[in-house]
Amino acid sequence: MKKENKVKIMVFAGALIAMNIVLARLLVINIGPTLRITVSQTPVYLAGFWFGPVVGGICGFLGDLIGSLLQGYAPNPFISVSAILTGVLPGLMMHFMKKRMEIWHVLGVLVVNGLIGSLGFTCIGLHLYYGTPWAVLYAGRVIQTVLLTAVNTVLVFFLYRSPLTALVKKSIGSNAKTRETHLADKG
């Protein structure tokens, strides 16, 4: 990959990290110290789908790290792992994908991320940090995870299938057709 393409990917990644931080801090409904309703993960999912698991994971980690520091608290390593997975899992799916992406593909990735990330690593991190009992954590987070999985699935799917993806691919100098366009031409 050319150096110019790497710089463009870093610029896009920086914009997606900034979007993640803004969405997580400004467009959020806080319900107590351990529950938040926000679509801040959408840019990180898109980073994974567009640029792969490494860039997606870096976007998730840096969004979590910078966001934590801006709010004045130390990053929680378990929550950071969850944030990293938010970018890595979509990137892995795209790596192994042989068909045109459908909404159920996105739903599958987001469900796995919700189970491992939100209900797994994030709950462990919140339990250790706040000492909140497991039953209380899971009661709220299951509802939150289901709600956000549904909302993010729709957002990510339609943003990915929009002309935005072709614009991103064209901007980074990808001369080859996107996987979506190539598969659409075949079938």
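**Group meeting: a walk through the helices**

Okay, let's start with one glycine: Gly56 is buried, with a relative accessible area of 0%. Before I go on, keep in mind that this is a predicted model. Gly56 sits in helix H3. So what does Gly56 touch, leaving aside its neighbours within four places in sequence? The contacts are Val44, Ala47, Gly48, Gly87 and Val88. And here's a distance to keep in your head: Gly56 and Ile31 are 25 residues apart in sequence, and C-alpha to C-alpha they are 27 Å apart in space.

Three of those names, Val44, Ala47 and Gly48, take us to H2, where they are among the buried residues. How many of the residues of H2 are buried? It's 10 of 10, so to speak a mostly covered helix, because buried here means under 20% relative accessible area. The run goes Thr42, Pro43, Val44, Tyr45, Leu46, Ala47, Gly48, Phe49, Trp50 and Phe51. Those buried residues pack against H1, H3, H4, H5, H6 and helix H7 (163-171). Just after H2 you hit Gly52, with a positive phi of about 100 degrees.

Now the core. The largest nonpolar core has 27 residues, and the ones with the most contacts inside it are Phe49, Trp50, Phe51, Met93, Met101, Val106 and Tyr160. Helices H1 (3-25), H2 (42-51), H3 (53-71), H4 (77-96), H5 and H6 (134-160) each put in at least two residues. Which helix gives the most to this core? That's H2, with six residues. If you click on Met93, not counting residues up to four places away in sequence, you'll see it touching Phe49, Met101, His105 and Val109.

On to the aromatics. Searching the whole structure turns up six aromatic pairs. The one I'd like to show is Phe49 with Tyr160, a tilted pair at 5.7 Å centre to centre, with 55 degrees between the planes. This pair links distant parts of the chain, with Phe49 in helix H2, Tyr160 in helix H6, and the two positions 111 residues apart. Both Phe49 and Tyr160 are buried. Elsewhere on the aromatic list, Phe12, Trp50 and Phe51 form one cluster.

Next, H5, which covers residues 103-130. Where does H5 bend? At Gly114, by about 35 degrees. Just after H5 comes Gly131, with a positive phi of about 75 degrees.

H5 also matters for the next topic, the pocket, since I'll come back to its share there. The largest pocket has a volume of about 860 Å³. Its lining is made of 40 residues, and nearest its centre lie Arg36, Asp64, Ile79, Thr122 and Arg141. The elements giving two or more residues to that lining are H1, strand S1 (28-31), strand S2 (35-38), H2, H3, H4, H5 and H6. H5 gives the most, with nine residues.

Last stop, Gln144, over in helix H6. Is Gln144 buried or exposed? Buried, because its relative accessibility is 6%. Not counting residues up to four places away in sequence, Gln144 touches Leu35, Arg36, Ile37 and Ser118. You've already met Arg36, as one of the residues nearest the centre of the largest pocket.

That's the tour, and I'm happy to rotate anything.

Notes. Residues numbered from 1 in each chain as written. Predicted model: local features only at pLDDT ≥ 70, side-chain atom pairs only at ≥ 80, totals over all residues. Heavy atoms only, no water. Bend = angle between axes of the 7 residues up to and from the residue. Helix = DSSP H or I, 4+ residues; strand = E, 2+ residues; numbered from the N terminus. Core = buried A, V, L, I, M, F, W, Y, C linked by side-chain atoms within 4.5 Å. Buried < 20%, exposed > 50% of the residue type's maximum accessible area, 1.4 Å probe, protein only. Contact = heavy atoms within 4.5 Å. Phe/Tyr/Trp six-rings, centres within 6.5 Å; stacked < 30°, edge-to-face > 60°. 1 Å grid on protein atoms, 1.4 Å probe; cavity = no way out; pocket = protein on both sides within 12 Å on 5 of 7 lines; lining within 4 Å. Points joined across faces, edges and corners; volume = space filled by probe spheres on them.
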